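Reader: Before we turn to particulars, could you take me through how to read the overall form, the cores and the ligand site of a model such as this one?

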Amino acid sequence: MRFLPVFLDSTAGLFVLVGSGEAALGKLRLLRAAGAHVRWFADKADVVEAASTLPGHGRLEIDAGNPLEADWSDAAAVVSAAGDGLDARIAQRARRRRIPVNVVDRPELSTFIFPAIVDRGEVVVAIGTGGASPVLARRLRELIEALLPARIGDLAALIGRHRGRFAAVPRALSPRRFWQNVIAGPIAEAVLAGRSAEAEARLAAAIDSHAARGDGGKGTSETVFLVGAGPGDPDLLTLRALHALADADVVLYDELVTAAVLDRARRGAEQVFVGKRRGVPGMGQDDINRRMVAAARAGRRVVRLKGGDPFVFGRGGEELEHLRRAGVPVVVVPGITAALGCAAEAGLPLTFRNEASKLAFVTAQRAEEAAAVDWSSLADPQTTVVVYMGLASAAAVRDGLIAAGRDGATPTAVLARGTRPDAQAAVGRLDRLAALAADVGEGPAILVIGETVARSTPWQAALGASLAREAA
Ligand SMILES: C[S@@+](CC[C@H](N)C(=O)[O-])C[C@H]1O[C@@H](n2cnc3c(N)ncnc32)[C@H](O)[C@@H]1O
């Protein structure tokens with residue numbers, strides 16, 4: 001390791017920047033964003049004019065003079081992106097004065113280099129490859145970006161605001177233990193979920209009672225996460241869902257949750273199936289509620305994992321209300337609902353300008369439920385209708401929509417096991433919906449009825465042929 005990673009105080013002195021090309025502008029942006037005082041030696045008037053409006057809170061001085069003759073006595077660092085023979089002379093001058101110097105893309109001339117940065121406010125991750133491969137550093141940055149919660153910087157800032165107060169009160173816990181509890185507990189959860197006022201109040205209360213869990217952990221409950229597992233492909237899990245799964249002590253999951261998604265849970269987490277399987281009566285909702293509360297009260301972090309999104313035909317609302325009534329902290333993590341996952345996979349736009357301006361999600365598990373739906377509100381040809389749990393009631397859905405005035409020739413799709421390796425689709429006209437449903441085999445499946453179905457690129461040819469055949 002030739003370059004030692006350190007964090008430089010951007011307000012420690014003046015930053016000399018030389019050059020007015022793209023590389024220099026990139027460094028100017030970075031220095032401005034960090035609040036540095038920059039003296040910029042640039043010779044292109046138009047670039048200078050455009051760049052002087054860049055956001056930033058440090059001072060920006062423009063100098064049209066010769067950087068090799070300028071006074072650098074107050075310089076904390078020199079950055080050169082002049083791009084010609086000037087770079088080497090700038091580097092030589094800075095080295096002679098023992099001022100740290102960076103020449104962009106020339107590690108051999110530099111005494112420091114800029115890392116790739118993941119910037120989350122107070123939390124900054126710097127990645128270096130010793131100047132060997134900025135492309136590799138950027139790739140690593142992307143990977144780390146994906147792992148770090150977006151609001152991790154807010155968590156650091158919250159802790160920073162309260163450190164002094166914690167140090168000043170008599171303490172029952174060591175600082176290390178106290179802050180560990182904060183970082184791993186409901187206070188951090190609240191920050192990461194964007195509930196900053198709640199986090200602030202909880203932390204203040206925890207400091208007052210000398211323990212991050214209020215009374216030292218007794219009488220309080222762990223958090224339950226109601227997590228949307230998406231339609232099946234684990235790559236469609238949200239980052240927040242992945243974080244919740246990685247921290248889970250127990251995962252209660254439904255029948256629609258795939259093994260590939262469950263595989264993302266922490267290895268040591270207990271996995272409990274609470275769904276229904278064909279022919280086997282599932283666990284009742286009261287039992288599920290009881291289990292969630294009992295596990296959380298026993299200090300276990302619970303992930304309640306549901307297919308798609310917990311609030312779309314998933315009884316997530318009922319569970320949320322129950323947990324709140326029981327006084328158990330709860331965080332809802334949205335998931336990609338089946339309609340969105342399946343439509344994306346099929347290249348099927350659910351709305352389209354001037355063609356489909358309304359989108360309705362309805363559910364009709366049995367024929368009698370389908371008969372009870374007010375189809376007249378969905379008869380408008382501008383409405384795309386997505387029916388969940390409608391595979392077995394496809395004939396009743398067809399009859400309801402056509403009786404309400406929907407054209408029997410409306411393009412229609414049945415999308416089964418969407419985003420899973422065995423996904424299957426059938427497309428045709430609304431008046432053939434029952435046959436299409438029979439074609440796809442087992443569920444889960446959604447029915448999509450609307451003009452935009454014909455826009456799904458892979459199906460345009462098949463659907464065109466099918467519509468023509470029916471019409472003949
Ligand atoms: C009880 S609902 C749960 C919906 C879920 N909460 C969501 O947001 O997708 C179950 C229905 O969702 C639909 N569904 C779920 N996963 C699916 C998938 N991978 N492909 C097609 N439909 C799916 C089916 O209509 C299934 O009968």
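The dialogue below goes from the whole chain to the cores and then to the ligand.

Author: Please keep in mind throughout that this is a predicted model.

Reader: How many helices and strands are there in the protein chain, and why is the chain described as more spread out than a compact globule?

Author: The protein chain holds 17 helices and 17 strands. To judge its spread, one compares the radius of gyration with the value from the globule rule; here the radius is 30 Å, well over the 23 Å that the rule gives for 472 residues, so the chain is more spread out than a compact globule. Along its principal axes, the C-alpha trace spans about 85 × 65 × 35 Å.

Reader: What share of the residues is buried, and what share of the contacts with a separation of 6 or more joins residues 24 or more positions apart?

Author: Of the 472 residues in the protein chain, 44% are buried, and residues 24 or more positions apart account for 63% of those contacts. The accessible surface of the chain comes to about 23300 Å², with 54% of it belonging to carbon and sulfur atoms.

Reader: Which residues have the most contacts inside the largest nonpolar core?

Author: A nonpolar core is a set of buried residues joined through their side-chain atoms. In this chain the largest such core has 24 residues, and those with the most contacts inside it are Trp375, Val387, Val397, Leu447 and Ile449. Among the elements that give two or more residues to this core are strand E14 (383-388), helix H15 (394-403) and strand E17 (445-449), and H15 gives the most, with four residues.

Reader: Which residues does Trp375 touch, leaving aside those up to four places away in sequence?

Author: With those neighbours left out, Trp375 touches Val362, Ala370, Val385, Val397, Gly400, Leu401 and Ala404. Apart from this core lies another, of 20 residues, including Leu25, Trp40, Val47 and Ala51.

Reader: Turning to the ligand, how many residues surround it, and how much of its exposed area does the protein bury?

Author: One begins with the surrounding residues, and there are 19 of them, the closest being Val312, Thr337, Ala338, Met389 and Ala445. Next come the polar atoms: a backbone N or O atom of Gly307 lies 2.9 Å from a nitrogen atom of the ligand, a backbone N or O atom of Val312 lies 2.7 Å from a ligand nitrogen atom, and a backbone N or O atom of Met389 is placed 2.8 Å from an oxygen atom of the ligand. Taken alone, the ligand exposes 570 Å², and the protein buries 89% of that.

Methods: Residues numbered from 1 in each chain as written. Predicted model: local features only at pLDDT ≥ 70, side-chain atom pairs only at ≥ 80, totals over all residues. Heavy atoms only, no water. Core = buried A, V, L, I, M, F, W, Y, C linked by side-chain atoms within 4.5 Å. Buried < 20%, exposed > 50% of the residue type's maximum accessible area, 1.4 Å probe, protein only. Contact = heavy atoms within 4.5 Å. Near = heavy atom within 4 Å. Polar contact = N/O pair within 3.5 Å; in protein donor to acceptor, adjacent residues only side chain to side chain. Areas by Shrake-Rupley, 256 points an atom, 1.4 Å probe, with all protein chains shown as cover. Rg over C-alpha atoms; globule rule 2.2 N^0.38 Å.
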